[in-house]
Amino acid sequence: MPMTLEKAVAAIVYAFQGYASREGDKYKLSQGELKELILKELPTLAPTSLRECDYNNLLSKMDTNKDCEVDFTEYIQALGCLCLYCHEYFRDCSSNPSCPE
Ligand SMILES: [Ca+2]
Ligand SMILES: [Ca+2]
């Protein structure tokens, strides 16, 4: 049975492959594929009221080589930023709640 972190790495890779292969280049996320991935795979973290122009802005921020699609490297860089944000957000939260005695 794989460890939790191994499952997380596999989920990151499989999510990209699953959505990127839906249309056009199977190794890159189009704006539509990116939108589906965000809506279905990040339902809690993504704001619920994103508009089409918000997805357009997000794609242009993630698309560092400006080919109008998100490749695996760009996807991983964005997820890294998301992890950093989560780490900062939860940094001072105790992971071991105090024992009531
Ligand atoms: Ca694609
Ligand atoms: Ca790109």
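The following paragraphs lead from the overall fold of this predicted model to its core and to one meeting of helices.

The secondary structure of the protein chain comes to 4 helices and 2 strands, and, read along the sequence, these elements follow the pattern α-β-α-α-β-α. The radius of gyration of the protein chain is 16 Å, well over the 13 Å that the globule rule gives for 101 residues, and the chain is therefore more spread out than a compact globule. Along its principal axes, the C-alpha trace spans about 60 × 35 × 20 Å. Of the 101 residues, 12% count as buried, while among contacts between residues at least 6 apart in sequence, 41% join residues at least 24 apart.

Turning to the interior, the largest nonpolar core has 8 residues, namely Phe16, Tyr19, Ala20, Leu29, Leu34, Leu37, Val70 and Tyr75. Helix H1, covering residues 4-20, and helix H2, covering residues 31-41, each supply at least two residues of this core, and the largest share, 3 residues, comes from H1. Phe16, a member of this core, touches Phe72 and Tyr75 when residues up to four places away in sequence are not counted.

Helix H2 also meets helix H3, which is formed by residues 52-62, and the axes of the two come within 10 Å and cross at roughly 105°; because of this angle, H2 counts as roughly perpendicular to H3. On the H2 side the contact involves Gln31, Leu34 and Lys35, and on the H3 side Tyr55, Asn56 and Leu59. By class, this contact has 3 nonpolar, 2 polar and 1 charged residues. Leu34 thus appears in two places, since this residue belongs to the largest nonpolar core and also takes part in the contact of H2 with H3.

Terms used: Residues numbered from 1 in each chain as written. Chains lettered and ligands numbered in written order. Predicted model: local features only at pLDDT ≥ 70, side-chain atom pairs only at ≥ 80, totals over all residues. Core = buried A, V, L, I, M, F, W, Y, C linked by C-beta atoms within 7 Å. Buried ≥ 20, exposed ≤ 12 C-beta atoms within 10 Å, placed from the backbone. Contact = placed C-beta atoms within 7 Å. Axes fitted to C-alpha atoms, helices over the stretch in contact; angles between N-to-C directions. Parallel < 35°, antiparallel > 145°, perpendicular 65-115°, else oblique. Nonpolar A, V, L, I, M, F, W, Y, C, P; charged D, E, K, R; others polar. Rg over C-alpha atoms; globule rule 2.2 N^0.38 Å.
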